[in-house]
Amino acid sequence: MDSNSTLTGKIALVTGAGRGIGRAIAGRLAQDGALVGVHYGRSEAAALELVEEIRQNGGRAFALGAELGVPGDAGAVFEAFDAGLRKEREEYGGYGAGEEGVREEYGRYGAGEKGEREKGERGEGEREEGESAPAAEGSLDILVNNAGTSGSGPVSRATPEIFDRMIAVNAKAPFFLVQNALPRMRDGGRIINISSLASRRAFPESLAYAMSKGALDTMTLGLAKELGGRGITVNTVGPGFIETDMNARRRTTPEARAALAARSVFDRIGRPADVADVVGFLASDAARWITGQYLDVGGGTDL
Ligand SMILES: NC(=O)c1ccc[n+]([C@@H]2O[C@H](COP(=O)([O-])OP(=O)(O)OC[C@H]3O[C@@H](n4cnc5c(N)ncnc54)[C@H](OP(=O)(O)O)[C@@H]3O)[C@@H](O)[C@H]2O)c1
């Protein structure tokens, strides 16, 4: 693995990591030394291939599948995550040293004034129906809400079903993934939400999509405030156009490609690694003093 192992001992979960931007993020976090849960919805083969690639490079990863945007999705993700992590630990040994210092600084849970929760007390909304089995406390350091769906079309073409789908996958699923993640997450953890420049620019061609990303941005702000006491940072990464399946239909001719590239001051379309490197930084200790922020990762789009 890379000698710059800034995340050694950390455990990460990246949603939608079989392909596109999520794949690059999972690879980057693994390269930095994290044990990575590679979540997929439909792309099981691609997720398994990435896990194999990470292992061959000396890293650690396991795959977990669960569809997002359906009832009980967050619980299903963490059920699969817990099972995958257990198996990984049985086969390859424990993981996740080094948290004690962080706990001392911020307290074990950090929610209350002394950072201690009353025995048996539950945070509001915890362990709802569909949530996974009792959390394997200390089994997570980094949650990257990357999975997303687009193509909602302009307001004239939207239907209630399309609107609900955008919100369910891009906003509701990350919200409940966070809710399930928090009892597991060690103090000093990281939550990184992959939004889009569409929430910060007028984006009428995919309005419901843009709105769902706006909801995600708002979640970042509130969570950053709430979780500061635990030393958990929460940030949004907003990519511009990145060369993935998501916008393949916008790149079908050389002219269309050139037009997309021209949106950036660097005159090229972004690559998944352009986003993954920023996520790697935010996940690292070097970014400990950055929280509640929206990082524009658009290569100077529309400057
Ligand atoms: N590409 C861009 O230009 C761009 C720009 C701004 C923001 N973004 C954001 O970046 C993130 C990643 O996008 P991408 O470009 O990598 O897109 P992509 O290539 O289309 O990949 C989407 C990913 O999300 C997962 N996913 C989508 N719907 C899902 C569902 N219902 N259940 C479970 N997983 C689901 C997919 O998993 P499976 O294949 O396993 O189902 C896949 O891994 C998204 O949040 C997107 O909004 C992308």
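**Pairing, Burial and Packing**

Mentor: Strand β4 (residues 140-145) pairs with β5 in the parallel sense, over 5 bridges. The model under discussion is a predicted one.

Trainee: What makes β4 and β5 a pair?

Mentor: Two strands are said to pair if DSSP finds at least two bridges between them. For β4 and β5 the count is 5 bridges, so the criterion of at least two is met. Within this pair, V144 stands opposite I192 in β5. Helix α5 packs on the sheet here and touches β4 and β5, with its direction at about 175° to that of β4.

Trainee: Which strands make up the sheet, and in what order?

Mentor: The sheet is open and has 7 strands in the order β3-β2-β1-β4-β5-β6-β7, with parallel pairing. The twist from one strand to the next averages 20°.

Trainee: Why are β3 (60-65) and β7 (294-297) called edge strands?

Mentor: Each of β3 and β7 pairs on one side only. By contrast, β6 has partners in β5 and β7: 5 bridges join β5 to β6 in parallel, and 4 bridges join β6 to β7, also in parallel. I192 stands opposite N235 in β6, and the bridge partner of G238 in β7 is D296.

Trainee: How many residues of β6 are buried?

Mentor: In β6, 7 of its 7 residues are buried. T233, N235, V237 and P239 point one way, V234, T236 and G238 point the other way, and all are buried.

Trainee: Why is A61 called buried?

Mentor: The threshold is 20 or more other C-beta atoms within 10 Å. A61 has 27 C-beta neighbours inside 10 Å, and therefore counts as buried. This residue is found in strand β3. Beyond its neighbours within four places in sequence, A61 is in contact with A26, A30, L35, V36, V38, V51, I54 and R55. L13 is 48 residues from A61 along the chain, and their C-alpha atoms are separated by 9.6 Å.

Trainee: How do you know whether M219 is buried or exposed?

Mentor: M219 has 20 other C-beta atoms within 10 Å. The definition asks for 20 or more, so this value meets it, and M219 is buried. M219 lies in helix α6, and, leaving aside neighbours within four places in sequence, is in contact with P174, F175 and N193. M219 and T236, 17 residues apart in sequence, are 9.3 Å apart from C-alpha to C-alpha.

Trainee: What span should helix α6 (residues 207-227) have at 1.5 Å a residue?

Mentor: The expected span is 1.5 Å times one less than the number of residues. For the 21 residues of α6 this gives 30 Å; the end C-alpha atoms are 30 Å apart, so the two values agree.

Trainee: What covers the buried residues of α6?

Mentor: The cover includes α5 (160-181), β5 (185-194) and β6 (233-239). Among the buried residues of α6 are L207, Y209, L216 and L223. The helix lies across β5, β6 and β7, and runs at about 160° to β6.

Trainee: How many residues surround the ligand, and which are the closest?

Mentor: The ligand is surrounded by 28 residues, the closest being G16, G20, G41, G148 and T244. The shell divides into 10 nonpolar, 14 polar and 4 charged residues. Helix α1 (residues 20-31) supplies the largest share of the shell, 3 residues.

Notes: Residues numbered from 1 in each chain as written. Predicted model: local features only at pLDDT ≥ 70, side-chain atom pairs only at ≥ 80, totals over all residues. Near = placed C-beta within 6 Å. Helix = DSSP H or I, 4+ residues; strand = E, 2+ residues; numbered from the N terminus. Nonpolar A, V, L, I, M, F, W, Y, C, P; charged D, E, K, R; others polar. Buried ≥ 20, exposed ≤ 12 C-beta atoms within 10 Å, placed from the backbone. Contact = placed C-beta atoms within 7 Å. Axes fitted to C-alpha atoms, helices over the stretch in contact; angles between N-to-C directions.
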